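Here are my comments on the two-chain model, set out as numbered points. Please read them with the structure open beside the text.

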Amino acid sequence: MPPVSNLAHGTWEQADALIGTTIARWTGADAVSEGDIRRKLEVIGFDCPLHYDADCAREHHYDGVVAPVSMSRVWAMPAYWSPGQPPLGTEPMSTPIPATQIPGEGDTLIAAGVRMEYREPVRPGDRISGNAVLRSVAPKKTRLGPGAFLVVETTYSNQRAEVVAVETVTLLRFEQQPTEAA
Amino acid sequence: MTLPATGRGVPTVGEQLAPYSLTVTLQRLVMEAAANRDFAPIHFDGEAARDSGAPSPYMNTTFNETVFEVLLRNWGGLDARIEVIEFSMKAFNCVGDEITAGGCVTATREGGARLVAELDLWIDGPRGRTVTGSAAVAFPR
């Protein structure tokens, strides 16, 4: 398996220099849609009418259908490809989240934990933007290999500049080892 | 599934949430990847997953978050406002695993016109307690 193609490479000292700064500010590729919500519900049959029945949602003090809270980050996801860019190749990609832009010394990036604070409902038609700040970099040798824990705080806002969610995610970036891990 | 709308009663410390179980299938992981646009190969490609230290493709962060959302929604009903979900992923939830999410009310507090319940959350699977976390859920008074 070749290394993923979209991780910024550098040193942990370079990453340290970014602590406290905004590492990315962006608007998601798509507006929130009922179709996106429906496709989420069908994965596990999440039969909650707040997410598909506008009348029911209004009875429960919303202005209409709202997205599941666990979709808050979905519509802030950057595109994997945009018009004008060369077509995607065959190399694997990591999810195009801001943390991929933090310079580091490993070839793999995975999430270890997250704290999501949900503030305002996300509704069809909304455009969600993200502002990501690097909070900490902690190099560590883990059971998966040498790497570092990165903490990134992302504030998600809608087109009315209302904060819909604040995400604090802990990511592990590490160098895959040739031997099988546990 | 019928969700409680209103009048579910005041959450009480020590209250256990009805567990929510799910079998992790590769098809579900693929559908979830499409639904949340996380196409990292570790979540659907066996070789990529094994290279990262997992035995097979595994649930991503958003999928774990969704499992907790369903657990909390089933318990709290339609009037519940999920304010916080926080968790650490200790081990992988992989293809073929049957997982069960659970929770327990640890505290209640006044939050303006609402009552806020604080909860511990977890997901158990064949690799033990794979995810641990907490949540805050508000109810209108």
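**Notes on the interface, the shared sheet and confidence**

1. In this predicted model, the interface brings 33 residues of chain A into contact with 37 residues of chain B. On the side of chain A that touches chain B, helix H2 (34–44) and strand E2 (108–118) each supply at least two residues, and E2(A) gives the most, with 10 residues. Sorted by class, that side of chain A has 21 nonpolar, seven polar and five charged residues.

2. The strand that gives the most to this side of chain A also pairs directly across the interface, since E2(A) and strand E2 of chain B, residues 81–89, run antiparallel and are joined over five bridges. Two positions may help in locating this pairing on the display: Gly113(A) stands opposite Ser88(B), and Arg115(A) stands opposite Glu86(B), with both of these partners lying in E2(B).

3. What is the order of the strands in the open sheet? The sheet has 10 strands, with antiparallel pairing, in the order E1(A)-E3(A)-E4(A)-E5(A)-E2(A)-E2(B)-E5(B)-E4(B)-E3(B)-E1(B). Its edges are strand E1 of chain A (22–27) and strand E1 of chain B (20–23), each of which pairs on one side only. On average, and with direction ignored, neighbouring strands of the sheet are turned by 20° against each other.

4. Within chain A, strand E3 (residues 129–142) and strand E4 (residues 145–157) pair in the antiparallel sense over 13 bridges, and Thr142(A) is found opposite Gly145(A) of E4(A). On the chain A side of E2(A), the partner is strand E5 of chain A (residues 163–174), again antiparallel, with 10 bridges. Gly113(A), which faces Ser88(B) in the other chain, stands opposite Thr170(A) in E5(A).

5. Why can E2(A) be described as largely enclosed by the rest of the structure? The description follows because eight of the 11 residues of E2(A) are buried. One element touching this strand is helix H3 of chain B (residues 61–76), which packs on the sheet and also touches E1, E2, E3 (98–111), E4 (114–125) and E5 (128–140) of chain B. The direction of H3(B) makes about 135° with that of E2(B).

6. Helix H1 of chain B, residues 26–36, deserves a separate look, with Leu29(B), Glu32(B), Ala33(B), Ala35(B) and Asn36(B) buried. These five residues cover an arc of only 165° around the axis, and therefore lie on the same side of H1(B). The buried residues of H1(B) pack against H2 of chain A together with H3 of chain B, the latter being the helix that packs on the sheet. After H1(B) comes Arg37(B), with a positive phi near 60°.

7. As to confidence, the predictor assigns the complex an ipTM of 0.93 and a pTM of 0.92. The average pLDDT of chain B is 92, with 94% of the residues scoring at least 70. Residues 1–6 of chain B, however, have a pLDDT below 50, although this stretch has 11 contacts in the model beyond near neighbours in sequence. Where pLDDT is low, predicted coordinates should not be read in detail.

Key: Residues are numbered from 1 along each chain as its sequence is written. Chains are lettered from A and ligands numbered from 1 in the order in which they are written. This is a predicted model: local features need pLDDT of at least 70, side-chain atom pairs count only at pLDDT 80 or more; totals for chains, interfaces and linings use all residues. Two residues are in contact if their C-beta atoms, placed from the backbone, lie within 7 Å. Helices (H or I, at least four residues) and strands (E, at least two) are DSSP runs, numbered from the N terminus. Ala, Val, Leu, Ile, Met, Phe, Trp, Tyr, Cys and Pro count as nonpolar, Asp, Glu, Lys and Arg as charged, and the others, Gly among them, as polar. Two strands pair if DSSP finds at least two bridges between them. Axes are lines fitted to C-alpha atoms, for helices over the stretch in contact, and angles run from 0 to 180 degrees between N-to-C directions. A residue is buried if 20 or more other C-beta atoms lie within 10 Å of its own, exposed if 12 or fewer, and partly exposed in between; C-beta atoms are placed from the backbone. The arc is that of the directions from the helix axis to the C-beta atoms. pLDDT is the predictor's confidence in each residue, from 0 to 100.
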